[in-house]
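Trainee: Could you take me through one helix of this model slowly, together with whatever it touches? I would like a single connected account rather than a list.

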Amino acid sequence: MKNYLPWKEEYRTGIKSVDSQHQQLFQIINDLIGAIHDSNSSKEVLNKAIQKMMEYTEFHFKHEEEIFRAYQYPSADDHHQKHELFKKTVQDLFEKNQTQEMMKTAVLAILKDWWLKHILVEDMTYAPFIKSKGEKIGLTEFDQ
Ligand SMILES: [Fe+2]
Ligand SMILES: [Fe+2]
């Protein structure tokens, strides 16, 4: 399958669980982009691929927010709001009942722009705080 959104080393936060989940997420997003580009994809196939992406997203957001609680990250609320906004944006897409084509265009834009920005900007903001706090108490779930 084509790699539409390739994983890059610069996306690595250094928190092992987060990085492996981000990589898994990229895999799921690539499958979804593949389904969007495949003109043979039925509405059901497309909706299933979006559903799968959202289920994994939900799992991943929860994991990050558990880390925030465990490490008492001061900007947890702010980050939580960004996660909620993403979920709402995707939810709204379904509720608007748009045409298949409009849906495809909107999903593509959200996938590329939102996820890359979120990982490179927002997730990268909490990573150094979590890592320095974790390293201080001798945890080993971090790279280097
Ligand atoms: Fe996040
Ligand atoms: Fe993340």
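Mentor: What follows is a close look at the second helix, α2, and at its surroundings.

The model is a predicted one, and the chain in it has 4 helices and 0 strands, arranged along the sequence in the pattern α-α-α-α. The C-alpha atoms fill a box of roughly 50 × 30 × 20 Å along the principal axes, and of the 144 residues 14% count as buried. Among contacts between residues at least 6 apart in sequence, 70% join residues at least 24 apart.

Helix α2 covers residues 43-71. Its length can be checked by simple reasoning: at 1.5 Å a residue, the 29 residues of α2 should span 42 Å, and because its end C-alpha atoms are 42 Å apart, the expectation and the model agree.

The buried residues of α2 are Ala49, Met53 and Glu64, and they pack against α1. If we take Met53 and leave aside its neighbours within four places in sequence, its contacts are with Ile28, Ile29 and Leu32. Ala49 and Met53 also belong to the largest nonpolar core, which has 12 residues in all and includes Phe26, Ile29, Leu32, Val107 and Trp115. Three helices, α1 (16-37), α2 and α4 (100-136), each supply at least two residues of this core, and α1 gives the most, with 6 residues.

Turning to the contact with α3, we need two quantities, since a pair of packed helices is described by the angle between their axes and the distance between the axes. For α2 and α3 (residues 76-95) the angle is about 170° and the axes are 10 Å apart. Angles over 145 degrees count as roughly antiparallel, and α2 and α3 are therefore roughly antiparallel to each other. On the α2 side the contact is made by Met54, Phe61, Glu65 and Phe68, which meet Ala76, His79, His80, His83 and Val90 of α3. Sorted by class, the residues of this contact are 5 nonpolar, 3 polar and 1 charged.

Between these two helices lies a loop, and Gln72 is in it, just after the end of α2. Most residues other than glycine have a negative phi, whereas phi of Gln72 is near 50°, a positive value in a residue other than glycine. Gln72 has 9 C-beta neighbours inside 10 Å, and because a residue with 12 or fewer counts as exposed, Gln72 falls in the exposed class.

Following the chain onward, α3 packs in turn with α4, at an angle of about 175° and with the axes 11 Å apart, which makes α3 roughly antiparallel to α4 as well. Among the residues of α3 in this contact are His79, Phe86, Val90 and Leu93, and those from α4 include Met103, Val107, Trp114 and Tyr126. This contact has 9 nonpolar, 3 polar and 2 charged residues. His79 and Val90 thus appear in the contact of α3 with α2 and again in the contact of α3 with α4, while Val107 of α4 is also listed in the nonpolar core to which Ala49 and Met53 belong.

To draw the account together, α2 has buried residues that pack against α1, and it lies roughly antiparallel to α3, with Gln72 in the loop between α2 and α3.

Notes: Residues are numbered from 1 along each chain as its sequence is written. Chains are lettered from A and ligands numbered from 1 in the order in which they are written. This is a predicted model: local features need pLDDT of at least 70, side-chain atom pairs count only at pLDDT 80 or more; totals for chains, interfaces and linings use all residues. A nonpolar core is a set of buried Ala, Val, Leu, Ile, Met, Phe, Trp, Tyr and Cys residues joined through C-beta atoms within 7 Å. A residue is buried if 20 or more other C-beta atoms lie within 10 Å of its own, exposed if 12 or fewer, and partly exposed in between; C-beta atoms are placed from the backbone. Two residues are in contact if their C-beta atoms, placed from the backbone, lie within 7 Å. The expected span of a helix is 1.5 Å times one less than its number of residues. Axes are lines fitted to C-alpha atoms, for helices over the stretch in contact, and angles run from 0 to 180 degrees between N-to-C directions. Angles under 35 degrees count as roughly parallel, over 145 as roughly antiparallel, 65 to 115 as roughly perpendicular and the rest as oblique. Ala, Val, Leu, Ile, Met, Phe, Trp, Tyr, Cys and Pro count as nonpolar, Asp, Glu, Lys and Arg as charged, and the others, Gly among them, as polar.
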